[in-house]
Amino acid sequence: MRTEAQAVVIGGGVIGCSILYHLTKLGWSDVVLLERDELTSGSTWHAAANIHGLHDSTNISRIQHYTMTLYNALEEETGQSCGVFQPGSLYLAQTEEREHQLKLQAAKAKLYGMNFYEISIDEAKKLNPLVNYDGIRCVMYEPDGGNVDPSGVTNAYAVGARQRGAEIHRFTPVTATEQQDDGSWLVKTPKGDIRTKWVVNAAGLWGREVAALAGVELPLQPTEHQYFVTETMTDVAEHGSRLPSVSDRDGEYYLRQEGQGLLVGAYEKDMKIWAEEGTPLDFAHDLFPDDLERIEENMMNAIERLPAVGEAGIKRVINGPMIWSPDSNVLMGPVPELEGYFCCNGIIPGFSQSGGMGLMAAQWIIEGETQYDMFAWDMARFDTWATKAFTKARVQDQYAHRFAIHFPNEERSAGRPARTRPIYELQSEMGAVFGLNAGWEHPLWFADQPGTKDTNGFTRQNWWAPVGEECKMLRDRAGIIDISNFAKYRCKGPGAADWLNAVFANNMPKTVGRSCLTPLISKRGGIAGDFTVTRTAEDEFWVIGSGMAERYHKRFFKEVPLPEGTSFVSMTEAMCGFNVAGPKSREMLQQLTNTSLATEDFPFMRSAMIEVAGIEVLALRVSFTGDLGWELHCKSEDQLRLYSALLQAGQPFTAGPVGSRALMSLRVEKGYGSWSREYSPEYWPQEVGLDRLCKLDKDFLNKSAAVSALENAAREQLVLLHLDEADVSASNADATGGEPIFKNGEGIGRVTSGAYGYSVGMSLALGYVKNAGPGDVVDVMVLGRPHKATILSEPPFDADGAVLRG
């Protein structure tokens, strides 16, 4: 066994072997995989191993499409059979909402060149005559759908990795992972130790235990999961060709051919948690006792849709463990607090994602970044606030609603609240309907009655009209927005200016009281973040960024060493903030402070420490609403007092609280981008309009990548679109993000954010397009159907910035 390696992968399931294979495919041959038992132990060996390409997330769809197309090539390359069956998959819609979801996915498939499209009921009957199509609104067909052999795929990855020089050691448990002074790791086993730059935790059911060896706690929880295989069925055996699988998610089961029978699996409401206190180390190729009563309701749904199932005997039942994250997506990426420790844990649709996941992991480790924005999979989306209790509650909810539609703007309540601010109770009494952001409860909108909950769907919901009133209140008078969930940092010390200039692309403010906007550049020259930086003293700066990305941004900040005597500290928990904006905001705030807020005394992009209602605040003359306004940041212990004072001061102006859904509408009216929507590592500065903020006359993090990117013409351009009112009214729906954009039948881009602009009376969308510009008429596929839209030359609200700077 090697004593040194470029990377050590822990875990010999399908994901660990895929990562090993893709590391070698990208050029690393000095890599080792350690498996405590036999390859495929844990969850891999008993998986149903279905493969499908489409997902609500565009980038996850890309990863799944890559995976589906990889298996046949992997067989040819390695000579190892993957047991690939691709008779196709039928996706059934029983409800209007499911029809919307499937038609939107079909539009995305057309944009990205994937094979997924609608077929008639008659065509579906020919493909799978066992299905009862009564009550089915539409059927989508994915010709490449099917299943693979779990052991075959895993061993094919292993063979491919070995052929390129990798070592695989079975029955070699890892007993310790110890970081050395030089940042490398010592991986200890009973057969010897390996020193490596990268530890890759792909330990599946034992991901928690392996992470704990490095002092890392992962929010993961295993559950039981059952499927059964029928005896030989005459209808299946005599069909003449392999039947396409059936995805009837409204019925909450999945079904495909297995041998001459059918395999039926379910995610039941009466789900069962397993190994809450830790996965037994002696568990390997084990199963749980059958418990079909738990999935009886799902089975009856399957029998109703395929009556032949009810007449078949059951050949075997598989009841095995799966391990879940709180949102059922993988926990993937380098641990931000450690050097050289990579996680890839909590994978559910492993055989649909294994290839793409392995490729993304290898790119991240070797090249420093993935080609796609994979924040939806980034382990940094969770932090210590994702406790065991939170994780258990969310996993229970995710499992029981595995096939439920995840609607745009949907907020699930399981495990909440996780983190609250001092004004949470007051906001609740005021009718706040809360969302979750980096663990924090924050108001989405304010209802007339406390306890009101969101309704969910693809069309306009119960919050649409109240949010409009909030927008109009702010645009006509003033509004108070809780922005405490923004990430806030303080950089202080003699080297503060130099360090920030070395991190960010823009020049830092040279004068106390000045602010600037600045991008953070990613490894490939894209936008890793956007920040407001304010100089509050000669040796002190205040930095504000995306709250949901705070742990993600740690990776970038730690790449530039802090000068001696200089600190960079998160103030997100210690400080809270409000944005007071609108044409009456100055008059409203002036009642509470002796500091002049007149434009000549407090112009746009300026700041000062002032007193508001007797409370010391950092006041910034900025507003994400695009309107006249100030951000006021105070200590958390002062939040309730400041909020109460602002609400009282707003009463004479009929001004009041405004939630984040209104903020979304307001910023889209202004054409402002947002991180993780418009701004991501996939997009170059010139594509998002941030190139003017990249100062190439100085050095900064990933400057060479920015220079290379800026030398190229924009591949796409961020634009603002106005959707045709007749189309929007007919569908009662606005764009929300992810909808494809077509021009003359050709896919040219996609929506990144969408909202109704209440103050301008327009349904709007931000998105990226190619080969199109202002004045062009395009089709935006809202609900998967074409909605005419015009690309605007300027934002409909305050295009010249007169209101913002007034």
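This is a conversation between a visitor and a guide about a predicted model.

Visitor: Let's start with serine 18. Why is serine 18 called buried or exposed?

Guide: Serine 18 has a relative accessible area of 0%. Buried means under 20%, so serine 18 counts as buried. You will find serine 18 in helix α1, residues 14-25.

Visitor: What does serine 18 touch?

Guide: Leaving aside residues up to four places away in sequence, serine 18 touches Tyr157, Ser354, Gly355 and Gly358.

Visitor: Tyr157 makes me curious about helix α5. Which residues of α2 and α5 meet?

Guide: From α2 come Leu70, Tyr71, Leu74, Glu77 and Thr78, and from α5 come Val153, Ala156, Tyr157, Val159, Gly160 and Gln163.

Visitor: What makes α2 and α5 parallel, perpendicular or oblique to each other?

Guide: The axes of α2 (residues 58-78) and α5 (residues 150-163) cross at roughly 50°. Angles under 35 degrees count as roughly parallel, and 65 to 115 as roughly perpendicular. The angle here fits neither range, so the two helices are oblique to each other. Their axes come within 10 Å, and the crossing is left-handed.

Visitor: Now to the exposed or buried state of some loop residues. How do you know which word suits aspartate 699?

Guide: Its relative accessibility is 63%. Exposed means over 50%, so aspartate 699 counts as exposed. Aspartate 699 lies in the loop between α19 (685-688) and α20 (703-710). Apart from residues up to four places away in sequence, aspartate 699 touches Asn501 and Ala502.

Visitor: How do you know whether glutamate 293 is buried or exposed?

Guide: The relative accessible area of glutamate 293 is 69%. That value is over 50%, so glutamate 293 is exposed. Glutamate 293 lies in the loop between β15 and α8 (296-305). The C-alpha atoms of glutamate 293 and aspartate 270 are separated by 9.6 Å, with the two residues 23 apart along the chain.

Visitor: Why is asparagine 409 called partly exposed?

Guide: Asparagine 409 has 36% relative accessibility. Buried needs under 20% and exposed needs over 50%, so asparagine 409 falls in between and counts as partly exposed. Its place is the loop between α11 and α12. Phi of asparagine 409 is near 70°, a positive value in a residue other than glycine.

Visitor: Which other loop feature lies between α11 and α12?

Guide: Proline 417 is found in that loop, between α11 (388-400) and α12 (424-429). A cis peptide bond joins arginine 416 and proline 417, with omega about 0°.

Visitor: What makes strand β15 mostly covered?

Guide: In β15, residues 261-266, 6 of its 6 residues are buried. Strand β14 (residues 253-258) is joined to β15 by 6 bridges, and strand β12 (residues 221-230) by 4 bridges.

Visitor: How do you know that β14 and β15 pair?

Guide: Two strands pair if there are at least two bridges between them. There are 6 here, so β14 and β15 pair, and they run antiparallel. One of the partnerships sets tyrosine 253 against alanine 266 in β15. The two strands form a hairpin with 2 residues between them, and glycine 259 in the turn has a positive phi of about 65°.

Visitor: What is the order of the strands in the open sheet?

Guide: The 6 strands stand in the order β28-β29-β30-β27-β21-β31, with mixed pairing.

Visitor: Why are β28 and β31 called edge strands?

Guide: Each of β28 (607-612) and β31 (656-658) pairs on one side only. Within the sheet, β21 (residues 479-482) and β27 (residues 575-581) run antiparallel and are joined by 4 bridges. Aspartate 482 stands opposite phenylalanine 578 in β27. Helix α17 packs on the sheet, and its direction makes about 10° with that of β27.

Visitor: How do you know that the length of α17 agrees with what a helix should span?

Guide: Helix α17 has 12 residues, 639-650, and at 1.5 Å a residue should span 16 Å. Its end C-alpha atoms are 16 Å apart, so the two values agree. The buried residues of α17 include Leu642, Tyr643 and Leu646.

Technical notes
Residues are numbered from 1 along each chain as its sequence is written. This is a predicted model: local features need pLDDT of at least 70, side-chain atom pairs count only at pLDDT 80 or more; totals for chains, interfaces and linings use all residues. Side-chain values use heavy atoms; hydrogens and water are left out. The expected span of a helix is 1.5 Å times one less than its number of residues. Buried means under 20% relative accessible area, exposed over 50%, partly exposed in between (1.4 Å probe, protein chains only). Contact means heavy atoms within 4.5 Å. Axes are lines fitted to C-alpha atoms, for helices over the stretch in contact, and angles run from 0 to 180 degrees between N-to-C directions. Angles under 35 degrees count as roughly parallel, over 145 as roughly antiparallel, 65 to 115 as roughly perpendicular and the rest as oblique. A crossing is left-handed if the near helix is turned anticlockwise from the far one by less than a right angle, and right-handed if clockwise.
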